Amino acid sequence: MDPMDRVDTIVVGAGVAGLTAARLLSRNGRRVVVLEARDRVGGRVWSVREGGVTTDLGASWIHGITGSPVAAAADAFGLRTEEFTVGGYQPYSRPMAYYGPAGVRLTDDEVRRFVADVDTVDAELARVVAAGAPGSSYGEAVESALTAQGWDAERTERVREYLRHRSEEQYGVWIDDLDAHGLDDDFIDGDEVVFPDGYDALATHLAAGLDVRLEHVVSSVRWSGEGVEVTTVQGEFTARRAVVTVPVGVLKSAAFSIEPPLPEPVAGALSRLEMNAFEKVFLRFRSKFWDEGVYGIRQQGPHGLWWHSWYDLTSAHGVPTLLTFAAGPAARETRGWEEEKIVDSVLRELRRLYGDRVEEPAGIHVTRWQDDPYARGSYAYMTVGSAPEDHDLLATPVGGVLHLAGEATWTDDPATVNAALRSGHRAASDVLGRAVPIEDAWATG
C-alpha cells in the first residue's frame, strides 16, 4: 500500500494500547495501518533473550489477575504464566528479609512491629489524603499522618523512609513531586503473575494479521474535521481518524507535534502529567548467596537511599537472579553512569549485608527508558495539583477524529498493561461510535 493511500484509521504506536485498538477496529471492518517507530512491536513491553534466559526489560507482571483482560488475553493466546504475587510496594505480601540500618537482619518480632507501624500510618494517610486540599503532595500528606502518631524521631523516620521508597518504586518519583492522590490506585486484587517465556508474546499475538509498519517514526499529526494527516520518515499517511498511543513523554516532546494543538480538557490534563524516572537493574549470578525462603530483601537506613530492595527472580528465570530498581532520584542521578558503575554501586550495598559471599554477576541488564526517544521514561505520574480523572480526560476525543490512548489515559490503574489494553478498547469503541466487546481483542475465531 502506498503511504498516500487512504485508510479508515491510523494507529500511532504498536504497544499494547495501539495493537488492541487496531485489532478491534480491524475485526469490525475498518481498514487500519499501525505506524511504529521501533523495529519491533510491544512498546514498553520488551523481552530480551540471552543464554536461555528471558528478561522483561519493560512490563513484567500482571498485577492482579482477577477480572483482568490482560490475564484473559494471555490465557486465550496460550501464554505460560507463573504466580509471583508482589502486593505492590507493601511491608508484607511475600516473605521479606529486612535488614536494619546497621546491616543486621531484623527478627520476626521486629518486623511485625515495623509492619504494624506502617499499617497504622497507612490508615491515617488514607484519611489525610481523602480530606486534604487539592494541590497537596504525597510527601505533605505523609508528614501529616506521621505527626499524628507522636512517635520518637527514629521510629518516625523508619516509616517516613519506607513511604518515600514506596512513591519512588511505585511511580518513579520523589515523594514531594507526586500528588497526594498519586497512589490512590495502589491496590491489587487477586494473584499476580509473570511470564517466564516473555511478556512480549502478548504483543506478538495482538499484532498477528495487522498491517504494522515498523521503523515509521511519526513526527507530526495534523487533524481537522476532514480527517488526519500523519507525517513519518517514510512519507505521509492520511485517514479519517487517528488513534495516538505514544507515551506522555513523547506527547510533550518537541520531536512530536499535534496540529492544531490539543484543546481543553486534553491539553490541561497532559500538562499535569509527567513521565517518570524508573529503571530496572537485573543481576544474574552463578550461585544464590542471599536469604532462603524470601521473595525479597530490603535494607533500612541511610545506606538504602537508592538501593533498598532486591527481588528474587530465580524461580521465574531459572537461574539465580536479583532485580532492583533505580527509581526517582536514583534513576536521575545514575542516568549518565556507565553500566559497570551502576552495578558496582548496587553490589556495594549487597556486600554490606552478605559480605564476601556476593560474587561478580554472570550477567547484567540495566534499562535506559529515560534515554529511549520513543518513551522518554517508563510511565506517567500525577504531578502536584493533578487529579486522578486527568488520566481519563487525556482520552477525550478531539474533533471527532483524534483519539489518545495508552497507560496514562486510564484512571483506574494507570501505569499498567491492563490500563493500556483497556484504553485501546475504549479508543476503538469511540472510533466505531458503539461499544464493542473487549474480548474480541483476543478472540481467535
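**Helix packing, sheets and local backbone features**

In the predicted model, helix 3 passes helix 5 in a right-handed crossing. Helix 3 spans residues 108–131 and helix 5 spans residues 153–171. The two pack at an angle of about 70 degrees, and their axes are 10 Å apart. Since angles of 65 to 115 degrees count as roughly perpendicular, helix 3 is roughly perpendicular to helix 5. On the side of helix 3, the contact is made by Glu110, Arg113, Phe114, Asp117, Val118, Val121 and Asp122. Helix 5 contributes Arg155, Arg158, Val159, Tyr162, Leu163 and Arg166. Sorted by class, the contact of helix 3 with helix 5 comprises 6 nonpolar and 7 charged residues, with no polar residue.

A second helix pair is formed by helix 1 (residues 16–27) and helix 6 (residues 200–207). The axes of helix 1 and helix 6 come within 9 Å and cross at roughly 25 degrees. Angles under 35 degrees count as roughly parallel, and helix 1 and helix 6 are therefore roughly parallel to each other. Their crossing is left-handed. In the contact, Val16, Leu19, Thr20 and Arg23 of helix 1 meet Leu202, Ala203, His205, Leu206 and Ala207 of helix 6. The residues of this contact divide into 6 nonpolar, 2 polar and 1 charged.

Strands of a sheet pair through backbone hydrogen bonds, in either the parallel or the antiparallel sense. One open sheet consists of 6 strands in the order 7-16-17-18-15-19, and its pairing is mixed. Strand 7 (96–99) and strand 19 (363–366) stand at the edges of this sheet. Each has a single partner strand, so one side of each is left without a neighbour in the sheet. On average, neighbouring strands of the sheet are turned by 15 degrees against each other, direction ignored. At one edge, strand 7 pairs with strand 16 (residues 296–299) in the parallel sense over 4 bridges. Tyr98 has Arg298 of strand 16 as its bridge partner.

Another open sheet contains 3 strands in the order 5-8-6, with antiparallel pairing. Its edges are strand 5 (61–62) and strand 6 (82–83). As each of these has a single partner strand, one side of each is left without a neighbour in the sheet. Strand 5 is joined to strand 8 (residues 193–194) by 2 bridges, and the two run antiparallel. Within this pairing, Trp61 stands opposite Val194 of strand 8.

Further pairings involve strand 12 (residues 235–244). Strand 11 (residues 227–232) and strand 12 run antiparallel and are joined by 5 bridges. They form a hairpin with 2 residues between them. Thr232 stands opposite Gly235 of strand 12. Strand 12 also pairs with strand 21 (residues 402–404), in this case parallel and through 3 bridges. The bridge partner of Val244 in strand 21 is Leu404.

Aromatic contacts were also examined. A pair of aromatic rings is described by the distance of the centres and the angle of the planes. Aromatic pairs with ring centres within 6.5 Å number 16 in the model. One of them is formed by Phe278 and Tyr379, whose ring centres lie 5.7 Å apart, with 55 degrees between the planes. This pair is classed as tilted. Phe278 lies in strand 15 (residues 278–284), whereas Tyr379 is in the loop between strand 19 and strand 20 (380–382), so the pair ties together parts that are 101 residues apart in sequence.

The loop between strand 19 and strand 20 also holds Arg376. Phi of Arg376 is near 65 degrees, a positive value in a residue other than glycine.

Two cis peptide bonds are described here for the loop between strand 13 and helix 8. The peptide bond from Glu259 to Pro260 is cis, with omega near -10 degrees. Pro260 is placed in the loop between strand 13 (257–259) and helix 8 (266–271). A cis peptide bond likewise joins Glu264 and Pro265, with omega about 0 degrees. Pro265 is also found in the loop between strand 13 and helix 8.

Definitions and conventions. Residues are numbered from 1 along each chain as its sequence is written. This is a predicted model: local features need pLDDT of at least 70, side-chain atom pairs count only at pLDDT 80 or more; totals for chains, interfaces and linings use all residues. Side-chain values use heavy atoms; hydrogens and water are left out. Two strands pair if DSSP finds at least two bridges between them. Axes are lines fitted to C-alpha atoms, for helices over the stretch in contact, and angles run from 0 to 180 degrees between N-to-C directions. Angles under 35 degrees count as roughly parallel, over 145 as roughly antiparallel, 65 to 115 as roughly perpendicular and the rest as oblique. A crossing is left-handed if the near helix is turned anticlockwise from the far one by less than a right angle, and right-handed if clockwise. Contact means heavy atoms within 4.5 Å. Ala, Val, Leu, Ile, Met, Phe, Trp, Tyr, Cys and Pro count as nonpolar, Asp, Glu, Lys and Arg as charged, and the others, Gly among them, as polar. Rings of Phe, Tyr and Trp (its six-membered ring) pair if their centres lie within 6.5 Å; planes under 30 degrees apart count as stacked, over 60 as edge-to-face and the rest as tilted.
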